[in-house]
Amino acid sequence: MSESDSSEPIQPVTSSDLDDSSHVYTNIREIEESNSRPIPPTPRPEDVPRRDMMNGWFEYETDVGRTFFYNRETGKSQWIPPRLIRTPAQVKVRF
């Protein structure tokens, strides 16, 4: 007997069927990589920035030559260059 001969109607799959909160899925490799990355340093008072990136961000270099970015206003330090958002005073309107 084939599936099409079955007298029972086929039930559609709903989103509630797919919502299984008893399982947790994660990428173990991604977690291991993020935990093994060193935290970017905070510059020492005597460190001179390589450049002022505006909006409080400055580019620095570690003792081994790795670039990091530090925001003096927020105290945040990160490896990835910040997205720079212009202030209204920096934006020139063109008509």
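## A salt bridge across the chain

R44 and D63 pair up through their side chains in a salt bridge, with 3.5 Å from N to O. This pair ties together distant parts of the chain, 19 residues apart. R44 sits in the loop between helix 2 (28–36) and strand 1 (51–54), while D63 belongs to the loop between strand 2 (57–61) and strand 3 (67–71). Keep in mind that this is a predicted model.

How exposed are the two partners? D63 is exposed, at 69% relative accessible area, and R44 comes out as partly exposed, at 41%.

## The rest of the charged network

R44 has another partner too: its side chain also meets that of E46 in a salt bridge, this one at 3.4 Å from N to O. E46 counts as exposed because its relative accessible area is 56%, and exposed means over 50%.

Then there is the R50 and E59 pair, whose side chains form a salt bridge at 3.4 Å, N to O. Is E59 buried or exposed? E59 is buried, since its relative accessibility is just 7% and the cut-off for buried is under 20%. R50, at 48%, is partly exposed. As for how the bridges connect, shared partners join R44, E46, D47 and D63 into one network. Across the whole structure, the search turns up six salt bridges.

## The largest pocket

Several of these charged residues turn up again around the largest pocket, whose lining includes R44, D47, R50 and D63. The space in there comes to about 160 Å³. E61 is also part of the lining, along with P41, T42, P43, V48, Y60, T62 and F68.

What is the mix of classes in that lining? Five residues are nonpolar, two are polar and five are charged.

## The nonpolar core, and Y60

Which residues make up the largest nonpolar core? There are five: F58, Y60, F68, Y70 and W79. Strand 2 and strand 3 are the elements that each give two or more residues to this core.

Y60 and F68 are worth a second look, as both belong to this core and both line the largest pocket. Setting aside neighbours within four places in sequence, Y60 is in contact with core members F68 and Y70. The contacts of Y60 also include P43, D47, V48 and R50, each of which is listed in the pocket lining. P49, R66, T67 and R72 are among the contacts of Y60 as well.

Technical notes:
Residues are numbered from 1 along each chain as its sequence is written. This is a predicted model: local features need pLDDT of at least 70, side-chain atom pairs count only at pLDDT 80 or more; totals for chains, interfaces and linings use all residues. Side-chain values use heavy atoms; hydrogens and water are left out. On a 1 Å grid over the protein atoms alone, a cavity is a set of points where a 1.4 Å probe fits but cannot get out, and a pocket is an open set with protein on both sides within 12 Å along at least five of seven lines; lining residues have an atom within 4 Å of a point. Grid points are joined across faces, edges and corners, and a volume is the space filled by probe spheres set on the points. Ala, Val, Leu, Ile, Met, Phe, Trp, Tyr, Cys and Pro count as nonpolar, Asp, Glu, Lys and Arg as charged, and the others, Gly among them, as polar. A salt bridge is a side-chain nitrogen of Lys or Arg within 4 Å of a carboxyl oxygen of Asp or Glu. Buried means under 20% relative accessible area, exposed over 50%, partly exposed in between (1.4 Å probe, protein chains only). Helices (H or I, at least four residues) and strands (E, at least two) are DSSP runs, numbered from the N terminus. A nonpolar core is a set of buried Ala, Val, Leu, Ile, Met, Phe, Trp, Tyr and Cys residues joined through side-chain atoms within 4.5 Å. Contact means heavy atoms within 4.5 Å.
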